[in-house]
Structures are given as structure tokens and as C-alpha cells.
There are 2 protein chains.
Amino acid sequence: MAAFDAPFTPVEPVRAYQRVAEQIEDRILSGELPPGSRLPGERELVSQFGVGRSTVREALRVLQSAGLIRSRPGDPLGAEVLGVSADNLSQALGRLTRSHLCSLGELIQFRMVLEAESNRLAARLRTEDDLTRMAELIERMRSLAGAGTGLRAFSETDALFHQAVAEASRNALLGLCARAVHDAVVEIIEHKIANVADATAWMARSIDHHEQVLAAIRAGDAPHAAQLARRALHAYYADHVEPTARPLLTAALEEE
Amino acid sequence: MAAFDAPFTPVEPVRAYQRVAEQIEDRILSGELPPGSRLPGERELVSQFGVGRSTVREALRVLQSAGLIRSRPGDPLGAEVLGVSADNLSQALGRLTRSHLCSLGELIQFRMVLEAESNRLAARLRTEDDLTRMAELIERMRSLAGAGTGLRAFSETDALFHQAVAEASRNALLGLCARAVHDAVVEIIEHKIANVADATAWMARSIDHHEQVLAAIRAGDAPHAAQLARRALHAYYADHVEPTARPLLTAALEEE
DNA sequence: GAAATCAACTGGTCTGACCAGTGGACTGGC
DNA sequence: GCCAGTCCACTGGTCAGACCAGTTGATTTC
């Protein structure tokens with residue numbers, strides 16, 4: 001049947017650097033080269049693959065731009081394997097936005113969807129351990145806010161809380177994407193974020209929000225947990241998006 | 001205040017190829033180099049940037065692996081600008097799955113979320129033009145199924161329908177990501193997809209589903225439109241995911 | 001006028017070289 | 001024995017020049 005409309009597919013040449021990159025990528029993704037391990041030096045790879053150094057280097061460039069490895073001049077151990085992360089995703093999302101293929105408003109709306117779904121699933125599937133961990137993180141946020149140690153440590157704990165929710169939702173992909181979108185958003189309106197007028201008040205409100213989320217998740221109230229994420233993001237970002245996009249953002253607010 | 005916890009950030013060296021790649025990427029993303037336009041030849045870029053050819057080539061490799069350009073040996077016009085697409089996203093998602101950082105089940109679940117939300121928003125925001133276009137595409141699917149021209153053309157029209165829904169939802173990002181996830185899924189279980197026992201029956205069911213979606217969107221019944229996407233994906237893929245993931249997939253089925 | 005030929009390109013690859021930076025071995029003084 | 005300083009082999013980053021296979025368009029040939 002498949003022979004009807006496309007008996008043959010066009011064959012395009014495979015470059016040498018592609019096959020080198022593929023071989024290395026396969027070993028990284030299969031776990032044979034775990035994060036933290038080292039690749040041989042470039043000159044060693046040259047002799048192992050039987051190609052020139054420029055070919056090896058182009059392959060390494062591709063892997064590096066995909067965030068799979070990192071290399072440092074002078075390092076006698078060779079390039080370091082980083083493993084797969086969400087960096088590449090957020091980079092791609094940032095490009096989409098920068099090229100005006102999608103707007104900041106769409107990014108925010110997308111994040112509303114992801115976090116809401118994360119919360120919803122967490123409310124249904126969370127274990128006691130998940131709840132304990134989330135409560136711990138909120139406690140840590142509270143102490144950080146009290147100590148006045150600045151926003152950076154607070155934001156890190158914030159991210160950990162979201163990660164804990166993602167774990168409780170039993171879908172790592174939701175969490176990874178939400179993180180990627182978050183990073184892309186921060187990259188775009190970073191300067192405005194840094195200008196939070198009163199950091200203390202902001203942290204207090206953030207803690208309050210997280211506690212509500214935790215309560216909803218603990219109670220297993222999936223719709224409410226989802227709605228909390230939507231509302232919080234809308235309230236926080238609505239003023240930052242293009243005025244024309246605001247009605248669309250509001251359209252994503254209610255499920256019903 | 002920011003001076004408290006991180007007065008200085010570490011400065012890492014910027015490689016020459018990075019700055020070359022950045023300059024070109026900026027021009028592509030800003031629209032100054034629209035899709036279809038051509039970059040100068042490598043030797044020309046060498047003299048414009050004042051760097052060696054290997055540096056230029058590594059920069060082009062990075063851009064090419066990001067899907068922004070494409071080059072072909074012997075082409076006197078130089079590398080072609082492709083613009084931003086979802087390819088990079090699906091590539092990143094495929095890597096996540098291949099490295100077992102997320103499972104096929106999570107991918108499917110993620111797609112359920114995206115398509116459901118796309119349908120929901122489309123049901124609220126669609127215009128008459130959107131509805132007309134969707135109806136046209138369903139008509140085209142019907143004629144393709146009747147003509148027995150094979151699955152490929154049918155699947156293309158299918159993709160166009162989903163794109164039309166995404167347009168109606170006024171959030172391109174949802175559509176792009178759904179497409180990326182779709183591609184990643186196809187890449188993983190491609191062989192099983194190709195083995196659809198009875199293509200005719202499958203196409204008939206697909207058309208039926210699309211008609212239901214269109215009806216819900218036309219009626220403005222957002223919850224129902226969303227639910228249709230969830231159910232269809234669940235019904236189609238539930239048998240293909242790891243048995244342990246099935247309860248999780250089912251958990252994402254109902255909103256309530 | 002159509003077909004075969006040719007020459008001037010292109011990108012892909014290889015080689016060999018140099019540089020700045022890194023880290024371990026070696027050496028000195030204590 | 002220990003620590004500081006020096007040194008050197010080696011790394012990745014970059015450059016220059018070369019060759020090849022393939023494309024393209026003009027030129028020649030019939």
C-alpha cells in the first residue's frame with residue numbers, strides 16, 4: 001500500500017561530520033556516556049574515527065550547540081558530557097519568540113497551560129512524600145525571605161518547588177517544558193523582573209501562592225490547583241504582555 | 001539589593017565562531033534575512049568577518065544544526081536561509097525520549113494536553129473563516145480517502161487541519177509544539193504506524209473524529225472539543241505505551 | 001537549435017601549523 | 001615532609017592552504 005504514493009524516498013548525502021556526531025550522540029543518549037564522563041581529546045577522536053580534525057570539530061560543535069557536551073581549552077581530560085537538559089528547548093522557544101513567530105503573550109499562555117496541567121495531575125497522583133517535600137521547600141522559601149538573602153536563592157527554591165510538583169504529576173516532560181518556557185520568558189523580560197519594586201512583599205505573595213497550591217494538591221482538588229496556576233501567572237504577567245494580547249490571555253484563564 | 005548575593009557573574013570567553021553565528025542568527029531572527037534568501041559563500045564570509053574558514057564553517061554548522069540554514073555543495077548562491085521552524089523542538093523532544101528522561105507515555109500525555117487546549121481555545125475564539133477552512137480540509141480528506149491515494153497525502157491534510165485549529169486558537173505556540181510532539185512520537189513508533197492494518201477504515205475513523213471536533217468548535221463547546229482530542233489520542237495510542245504508564249495516561253483523560 | 005563540453009565556482013574534507021591556556025610533574029626553599 | 005614556584009607537555013581555538021566531488025552556466029560542437 002505504501003508503494004502507491006511514494007515507492008522511493010530521495011536519498012540525501014550524509015556528511016562525515018554527521019556520522020561522527022551521530023555515533024557520539026547515540027552513546028550519550030543510550031547512557032553509555034553518562035553526564036560527567038569525558039570524551040577523548042580531539043586528536044584522539046581523529047584517529048578513532050579516521051577523519052580530519054576539522055570534521056571532528058564540526059561534529060563536536062553540533063553536539064555542543066545541542067547542549068550535550070561542553071569543551072574547555074586546555075582541558076587534558078577532553079570534552080565533558082552534559083547529558084540532555086531543557087536548555088535546548090528554552091533556546092528553541094526563545095528563537096520562536098525573537099523571530100516573532102510567537103509572542104510573549106503566547107508564551108505566557110502556554111506556561112499557564114503547562115503549569116495548570118502539572119498542578120492538576122499532581123493533585124491527583126501525589127504521594128505523601130511529594131507533599132512533605134513541597135512543604136519543606138515552602139518552609140525554606142519562608143526562611144530565605146526572612147533572612148533577606150536576596151532574590152536569587154529564593155528563585156532557585158521556587159524552581160525546586162515547581163520541579164517537585166512536576167515530579168508529583170508523574171510527567172517529567174510537563175515540568176521540563178514549563179521550565180524551558182519560564183527561562184525563555186525570563187530571558188525576554190528579564191530587566192522588568194529585576195525591577196521588582198519591593199522584593200519582600202513579592203516574596204511574601206509568592207509564598208502565599210505556593211501554600212494555596214500545596215493545599216489544593218494535598219486536598220486532591222485538581223481543578224482548583226490548576227486554576228491557581230492560571231490565575232497567578234495571569235495576575236503577574238498580564239501587565240507585561242502586548243495590550244492586544246490581553247483578551248487572549250484572559251480567554252485561557254477559565255476552563256469552563 | 002542584587003549586590004548582596006551575587007555581586008559579579010563569572011565571565012566566560014566568547015569564541016570567534018559564536019560571534020559569527022550570533023551575527024548571522026540575529027539577522028535571520030530579525031527578519032533582515034527572510035526564509036528563502038541566501039547567505040554569501042563561505043569564502044566571502046571569511047573576508048567579511050575577518051576570520052578563518054574553519055571558524056566560519058563551525059558557525060554555519062551551529063546554525064544548520066539549529067535548522068536556521070541549509071547548505072548544499074556546489075551551490076553558487078550560498079547557503080539558504082530556512083527561518084525558524086518546529087523541527088528543532090521535535091528534535092529536542094526526541095532526544096529527551098531517547099535518553100529515557102521522558103517516556104513515550106509522557107509524550108502522548110503531553111500531546112493530549114496541547115491538542116485539548118488548542119481545541120478549547122479554538123472553540124472560543126474561532127471566526128467564520130476558520131470554520132470554513134476546517135470544513136474544506138475535512139472535505140479534502142474525504143476525497144483523498146475515497147481516491148485511495150495512500151496515507152501520505154492524507155496525513156498531510158490531517159496536519160493542515162490541526163494547523164488550522166491552532167490558528168483558530170490564536171496561539172501559534174500550541175500548534176507548533178503539538179506538531180513537534182507529534183513528529184517526535186512518529187519518529188519513535190513509526191513502524192507501528194505504518195502497519196495500520198486497514199488504512200481505509202482508519203481514514204474513515206479519522207474523518208469522523210475531525211468532524212466531531214469541527215462540530216464542537218463550531219458550537220463553541222470548549223470542554224467538549226478539548227475532551228474529544230484527549231479521548232481520540234488515548235484511544236489511538238493507549239495500546240502502544242508501556243503498560244505501567246497506562247493508568248497515568250488515563251489520569252490525564254478527564255478534566256474533572 | 002539541441003546536445004555535449006568545459007571552466008569557474010561551490011561546499012566538504014584533510015593537513016599542518018601556531019597560539020593561549022590548563023594541569024601535572026618537577027624543583028626549590030623551608 | 002610540605003608548600004610555593006617553575007616548567008613543559010598537551011589541550012582546544014584558530015588560521016592558512018590545499019584537494020576533491022559536485023553544481024552551474026556559458027561555450028562549443030554537431
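Here is a chat about a predicted model with chains A and B and DNA strands C and D.

User: Before we start, what kind of model is this, and how are things numbered?
Analyst: This is a predicted model, where local features need pLDDT of at least 70, side-chain atom pairs count only at pLDDT 80 or more, and totals for chains, interfaces and linings use all residues. Residues are numbered from 1 along each chain as its sequence is written, chains are lettered from A and ligands numbered from 1 in the order in which they are written, and side-chain values use heavy atoms, with hydrogens and water left out.

User: OK, what's the pLDDT like for chain A?
Analyst: The average for chain A is 90, and 95% of the residues score at least 70. pLDDT is the predictor's confidence in each residue, from 0 to 100.

User: Where in chain A is it below 50?
Analyst: Over residues 1-5. Beyond near neighbours in sequence, that stretch has eight contacts in the model (a contact means heavy atoms within 4.5 Å). Where pLDDT is low, the predicted coordinates shouldn't be read in detail.

User: What is chain A built from?
Analyst: Chain A has eleven helices and two strands. Along the sequence the pattern is α-α-α-β-β-α-α-α-α-α-α-α-α. Helices (H or I, at least four residues) and strands (E, at least two) are DSSP runs, numbered from the N terminus. The C-alpha atoms of chain A fill a box of roughly 60 × 55 × 40 Å along the principal axes.

User: Now the two chains together. How many residues of each are in contact?
Analyst: 63 residues of chain B are in contact with 63 residues of chain A. About 5,700 Å² is buried between them, and carbon and sulfur atoms give 60% of that. Buried area is the accessible area (1.4 Å probe) that two parts lose on being put together, summed over both.

User: How many salt bridges does the rule find across that interface?
Analyst: Twelve. A salt bridge here is a side-chain nitrogen of Lys or Arg within 4 Å of a carboxyl oxygen of Asp or Glu. B:Arg95 and A:Glu25 form one, at 3.1 Å from N to O.

User: Which helix of chain B gives the most to that side?
Analyst: Helix α6, residues 104-125, with eleven residues. By class, the side of chain B touching chain A has 34 nonpolar, ten polar and 19 charged residues. Ala, Val, Leu, Ile, Met, Phe, Trp, Tyr, Cys and Pro count as nonpolar, Asp, Glu, Lys and Arg as charged, and the others, Gly among them, as polar.

User: Switching to DNA: which residues are closest to strand D?
Analyst: Among the 26 residues surrounding DNA strand D, the closest are A:Arg53, B:Ala16, B:Gly52, B:Ser54 and B:Thr55. A residue is near a strand if one of its heavy atoms lies within 4 Å of it. Sugar and phosphate account for 66% of the atoms of strand D that come within 4 Å of the protein.

User: What touches a base there, and what sits by a phosphate?
Analyst: An N or O atom in the side chain of B:Arg53 is 3.3 Å from a base nitrogen of strand D. A backbone N or O atom of A:Glu42 lies 2.9 Å from a phosphate oxygen of strand D.

User: And which residues are closest to strand C?
Analyst: A:Ala16, A:Gly52, A:Thr55, B:Arg53 and B:Arg57, out of 26 that surround DNA strand C. A polar side-chain atom of A:Thr55 lies 2.4 Å from a phosphate oxygen of strand C, while one of B:Arg43 lies 2.9 Å from a base nitrogen.

User: How do the residues near strand C divide by class?
Analyst: Seven are nonpolar, eight polar and eleven charged.

Key: Polar contact = N/O pair within 3.5 Å; in protein donor to acceptor, adjacent residues only side chain to side chain.
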